[in-house]
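Hi there,

Here is the structure I promised to pass on to you. Have it open while you read, and turn it around as you go through my notes.

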Amino acid sequence: MGLRFTHVNGASPNKRMIETMGSGAGFLDYDNDGFLDAIVVGGVPEQGPRLFHNEGGKRFVDVTAASGIRTPGIFGMGVAVADFDNDDFPDLYLAGYPRNYLFRNSGSGRFRDVTAEADVAAGGWSTSAVFFDYNGDGWLDLYVGRYVSYEPAREPFCGIRKDGWRSYCLPDVFGGISGVLYRNRRGRSFVDATREARVAVPEAKTLGLAVSDYNRDGFPDLFVANDRVRNFLFRNRGDGTFEDRAELDGVAYSDDGAARAGMGCDFADFDNDGNADVLVTNFETEGAGLFRNDGRGSFTDVANRSSLGRRSYLFVGFGAKLVDLDADGRRDAFVVNGHVIDNIALYKDSVAYRQPKLVFHNTGVGFDSIALPEDVSAPSVARAAAFGDFDNDGRIDVLIANNGGPAELLANVSSPDNHWLILKLVGTRSNRDGIGARVELRAGPLRQTHEATAGSSYLSANDPRVFCGLGPRRRAERIDIHWPSGTIQTLENVSANQVLRVVEPHEVKQP
């Protein structure tokens with residue numbers, strides 16, 4: 001496909017922790033031609049990011065040189081994509097150490113560095129980032145997660161003091177650092193709203209982020225996956241502030257009350273009950289967490305009731321998403337894995353550095369582990385996983401960034417018998433991407449709830465379009481779109497197997 005990229009992590013005998021955490025990947029249609037382009041984030045400062053143009057779903061062409069995207073001086077980490085200035089073209093935010101970059105899309109195939117004028121460089125070791133409109137003003141705000149308080153020149157020694165046994169440190173030996181919430185000032189610049197919004201938590205060690213209006217009060221909430229400290233669930237109070245409900249609502253810890261090593265995460269409704277659930281990947285012997293939302297403000301970890309928890313138990317999970325891979329109307333789970341200690345075999349006989357990908361099929365009553373073809377399941381040191389339909393065939397594909405290795409593009413070749421819809425939302429009164437819109441679909445007995453989001457997984461940006469698997473049904477009888485502005489739009493008798501552009505109407509309809 002022409003998507004040739006090998007990540008350079010700068011691995012050294014000093015075992016600098018930043019070398020092992022990998023870099024991001026993302027899908028975006030930067031030129032609005034209807035096909036998802038791809039971006040992969042470099043590792044060492046000398047490498048930089050790479051932008052690939054999608055030539056009609058047939059191949060990718062490296063257009064980095066002409067794009068104007070340069071990130072001098074940073075070790076690359078995450079990528080976030082959204083139209084922050086509402087001009088119809090998706091913009092780019094690239095996170096890393098010791099600063100970040102914001103690029104405004106000119107619409108002509110070039111991007112301009114506007115980091116300084118937008119005042120969003122952050123600082124420290126940034127990881128995942130996500131755009132969402134937390135105050136409902138129609139302009140996308142930005143939350144940047146940060147990992148640990150870090151200086152490569154002062155890397156502590158971890159492991160056994162004999163030749164070849166030095167290892168990468170766990171985050172326990174570093175202090176935490178709060179994420180940063182930037183409020184959008186009508187597409188011109190941003191202001192640091194972290195303290196006024198009450199999301200300043202200095203003990204954070206953030207790797208994954210996901211957004212959903214999980215209590216359906218009309219305001220987007222933020223889930224934060226932290227490494228070896230409790231997770232956060234910032235519930236939006238609707239007045240410009242948040243309240244951390246993770247402990248009260250049951251997503252802060254494992255079932256036995258332990259803080260796990262949260263890496264990747266997603267916020268989506270896996271059981272089609274209308275409530276957004278939480279998927280979190282963790283460290284070896286912890287297993288993935290799948291927190292079911294009961295709709296009354298409480299979550300229960302149900303991962304171990306299926307193969308999801310058991311099969312993931314011995315692996316170190318990173319990128320992950322609840323996504324309908326076979327368009328049967330139920331979200332499956334896809335998880336990529338890879339250890340963070342490259343010489344882990346010296347310490348544990350049963351654990352490998354390179355690890356397989358895991359796919360779990362949603363049966364409606366649980367998740368069954370699915371065997372992948374040998375060339376796809378080959379173990380790697382996977383980190384980011386971005387999800388999107390790059391060839392518009394109604395099957396969600398996966399772009400994987402491997403630490404110190406080549407990127408992988410997995411084309412979904414599931415049976416085409418099931419039907420599907422892809423909705424590209426265009427906001428008018430809401431933000432232009434329609435981020436935060438809730439989509440309620442009815443097709444025969446099938447009921448689904450989706451939310452338009454700008455990112456999840458680990459260091460990744462996903463296809464912003466809303467994907468609806470319909471199974472054997474050839475049409476959706478009714479689709480209600482609850483736009484962030486309050487507008488409610490209804491579509492009826494929508495034929496399957498199409499990418500449908502939906503523009504927000506200007507009038508407000510009451511439910």
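Let's begin with a pair of charged side chains. D301 and R260 form a salt bridge, with 3.1 Å from N to O. Please keep in mind that the model is predicted, and that the distances in this email are computed from it. The two partners come from distant parts of the chain: D301 sits in strand β20 (residues 299-301), while R260 is in the loop between α3 (246-249) and β17 (265-268), 41 residues apart. Both D301 and R260 are buried.

Why would such side chains pair up at all? Side chains of opposite charge can do this when their charged atoms come close.

A second pair to look up is E284 with K348, a salt bridge at 2.3 Å from N to O. E284 is in the loop between β18 (277-280) and β19 (289-293), and K348 is in the loop between β22 (332-337) and β23 (358-362), so this salt bridge ties together parts that are 64 residues apart in sequence. Are the two partners buried or exposed? E284 has 4% relative accessibility and counts as buried, whereas K348, at 36%, counts as partly exposed.

For a third example, go to R465 and D463, whose side chains meet in a salt bridge at 3.0 Å, N to O. Here R465 is buried, and D463 is buried too. There is also a network: salt bridges with shared partners join R235, R237, E243, R245 and D249. In the whole structure, the search finds 28 salt bridges, so you can pick others to explore.Next, try the cysteines. How many disulfides does the count come to? The count comes to one, and this disulfide joins C158 to C169, with 2.0 Å from S to S. C158 and C169 both lie in the loop between β10 (141-146) and β11 (180-185), 11 residues apart. The torsion about their S-S bond is about 100°, so the disulfide is right-handed. If the term is new to you, a disulfide is a covalent bond between the sulfur atoms of two cysteines. C158 counts as buried at 13% relative accessibility, and C169 counts as buried at 3%. Two other cysteines to find are C265, which is buried with a relative accessible area of 0%, and C468, which also counts as buried at 0% relative accessibility.

The loop between β10 and β11 is also where you will find I160. I160 counts as partly exposed, at 39% relative accessibility. Together with L346 and Y347, I160 makes a nonpolar surface patch of about 240 Å².

Finally, please zoom in on T127, a residue in strand β9 (residues 126-132). T127 has 0% relative accessibility and counts as buried. What does the side chain of T127 reach at 2.8 Å? It reaches the backbone oxygen of T206. Leaving aside residues up to four places away in sequence, T127 touches M77, G78, A95, G145, R146, Y147, T206, L207 and L459. T206 therefore turns up twice for T127, in the list of touching residues and as the owner of that backbone oxygen.

Enjoy looking around, and write back with any questions!

Best wishes

How values were computed:
Residues numbered from 1 in each chain as written. Predicted model: local features only at pLDDT ≥ 70, side-chain atom pairs only at ≥ 80, totals over all residues. Heavy atoms only, no water. Salt bridge = Lys/Arg side-chain N within 4 Å of Asp/Glu carboxyl O. Helix = DSSP H or I, 4+ residues; strand = E, 2+ residues; numbered from the N terminus. Buried < 20%, exposed > 50% of the residue type's maximum accessible area, 1.4 Å probe, protein only. Polar contact = N/O pair within 3.5 Å; in protein donor to acceptor, adjacent residues only side chain to side chain. Contact = heavy atoms within 4.5 Å. Disulfide = S-S within 2.5 Å. Patch = residues over 30% accessible without salt bridge, like charges linked within 9 Å, V, L, I, M, F, W, Y side chains within 5 Å. Areas by Shrake-Rupley, 256 points an atom, 1.4 Å probe, with all protein chains shown as cover.
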